[in-house]
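Biologist: I am new to this structure and would like a close look at a single part. Please take one helix and describe how its neighbours pack against it.

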Amino acid sequence: MDGADLAYLRTADGAAAVAVADRLALADDTLLADVGVVRGIAGRHAGAVIEQVRARRRAHVKLGDVDGWLLTDEAVQQATPTAVAEHRARRLAWLSVHDVTCSIGAELRALVQVCPRVVGSDLDPVRARMAAHNVPRALVYVADALTPTSSADVVIADPARRADGRRIVDPEQCSPALSALHAAYAGRSLAVKTAPGIDHAGLRRTGFGGEVEIVSLDGGVREACLWSGPVAVPGLTRATVLRGSGRGGYEVFSTDPHEVEPEPAGKYLVEPDGAVIRAGLVRHYAARHGLWQLDPHIAYLSGDAVPAGERGFEILEEMRYSEKGLRAELRARDVGAVEILTRGAGVDPDALRKRLRLQGSQSMTVVITRIGRQVMAYLTCPTR
């Protein structure tokens with residue numbers, strides 16, 4: 001999308017064309033005819049009109065109400081989910097904030113609800129104009145993220161994390177690099193969004209002394225946020241678990257008690273949220289809930305109760321794993337549908353499921369994991 005497309009979309013004719021396109025299916029089997037309809041109304045801007053409709057439809061779950069927003073499909077894919085942005089904004093309430101990679105303004109929208117002064121900037125002039133349209137309460141302009149252009153208390157940056165189609169997990173390989181952002185905003189509070197797969201232990205070894213926050217939303221790990229400066233808790237690692245409903249979220253901290261010893265399986269198996277696992281806070285989570293590890297190197301926990309709001313697995317049978325033995329046990333229990341979860345066992349769940357060739361009427365979850373040198377299989381029933 002170029003500047004001319006954007007200018008057209010902001011006119012009454014552009015808005016009318018988007019409204020017409022929104023009434024079309026734009027599905028694979030109707031696309032050719034639908035494009036013809038839109039081209040008859042919008043001419044050379046038909047592609048931009050169709051992209052608006054499709055992007056808004058895709059954005060609904062991730063960003064909520066974006067009616068009237070100007071978007072691109074790529075920007076929607078890269079945007080911070082609203083629930084994550086609102087969580088960060090609550091932490092920064094009453095501070096002035098500058099998002100130096102604001103893109104279409106997903107983060108700005110959350111910030112303007114609670115912060116007294118919000119500034120956005122982006123190197124891409126089209127996206128900056130989109131953000132200004134989408135979040136009129138924020139001051140938005142074109143600027144390089146590495147050139148300080150405001151005196152805001154906190155700077156937020158979301159460096160590009162893809163190159164040649166591959167995902168980058170090393171913040172020094174992102175654009176701009178973490179070290180370059182720290183140099184540009186030395187002494188100021190800085191929040192840098194990075195890939196959730198970041199090696200934060202390795203990051204510590206390189207000298208990063210700020211706060212590492214791993215954030216998940218509805219079970220999916222979304223980002224690692226690297227906090228530094230006055231707003232950060234030096235040396236802290238935090239797992240933030242968010243629920244889209246706004247209920248049942250929690251945080252786990254590296255300063256929490258974590259004296260947990262491995263023990264045999266109890267009544268239930270529990271797999272902590274991915275943010276807890278990525279943050280290396282499995283034992284901290286276990287200690288909080290009276291759980292224990294089966295193996296010090298495996299994330300599965302066990303206990304006599306499942307933490308409120310979490311999914312657990314009631315253990316029906318515990319056995320040493322062998323494919324032949326597992327097949328016999330499942331057939332004896334008339335199992336036809338099986339969910340297979342595995343950690344540290346070198347088992348491919350999809351391939352194993354096909355080889356089991358089950359035909360029963362019951363369903364079951366099988367957890368296969370390494371305990372010491374032994375691979376164990378747990379036949380379980382999910383608690384929800």
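Modeller: This is a predicted model. A good place to begin is the pairing of α3 and α4, where α3 passes α4 in a right-handed crossing. By class, the residues in this contact are 7 nonpolar and 2 charged, with no polar ones. Helix α3 covers residues 31-42 and helix α4 covers residues 46-63. Their axes lie 8 Å apart and make an angle of about 120°. Angles of 65 to 115 degrees count as roughly perpendicular and those over 145 as roughly antiparallel, and α3 and α4 are therefore oblique to each other. On the α3 side the contact is made by L31, V35, V38, R39 and A42. Facing them in α4 are A46, V49, I50 and R54.

Helix α4 also packs with α2, which spans residues 12-22. Here the axes come within 9 Å and cross at roughly 60°. Angles under 35 degrees would count as roughly parallel, so α2 and α4 are again described as oblique to each other. The crossing of α2 past α4 is right-handed, as is that of α3 past α4.

From α2, the residues A17, V18, A21 and D22 take part in the contact. They meet V49, Q52, V53, R56 and R57 of α4. Sorted by class, this contact has 5 nonpolar, 1 polar and 3 charged residues. One residue of α4 links the two descriptions: V49 is listed in the contact with α2 and also in the contact with α3.

Note on methods: Residues numbered from 1 in each chain as written. Predicted model: local features only at pLDDT ≥ 70, side-chain atom pairs only at ≥ 80, totals over all residues. Heavy atoms only, no water. Axes fitted to C-alpha atoms, helices over the stretch in contact; angles between N-to-C directions. Helix = DSSP H or I, 4+ residues; strand = E, 2+ residues; numbered from the N terminus. Left-handed = near helix turned anticlockwise from the far one by under 90°. Contact = heavy atoms within 4.5 Å. Nonpolar A, V, L, I, M, F, W, Y, C, P; charged D, E, K, R; others polar.
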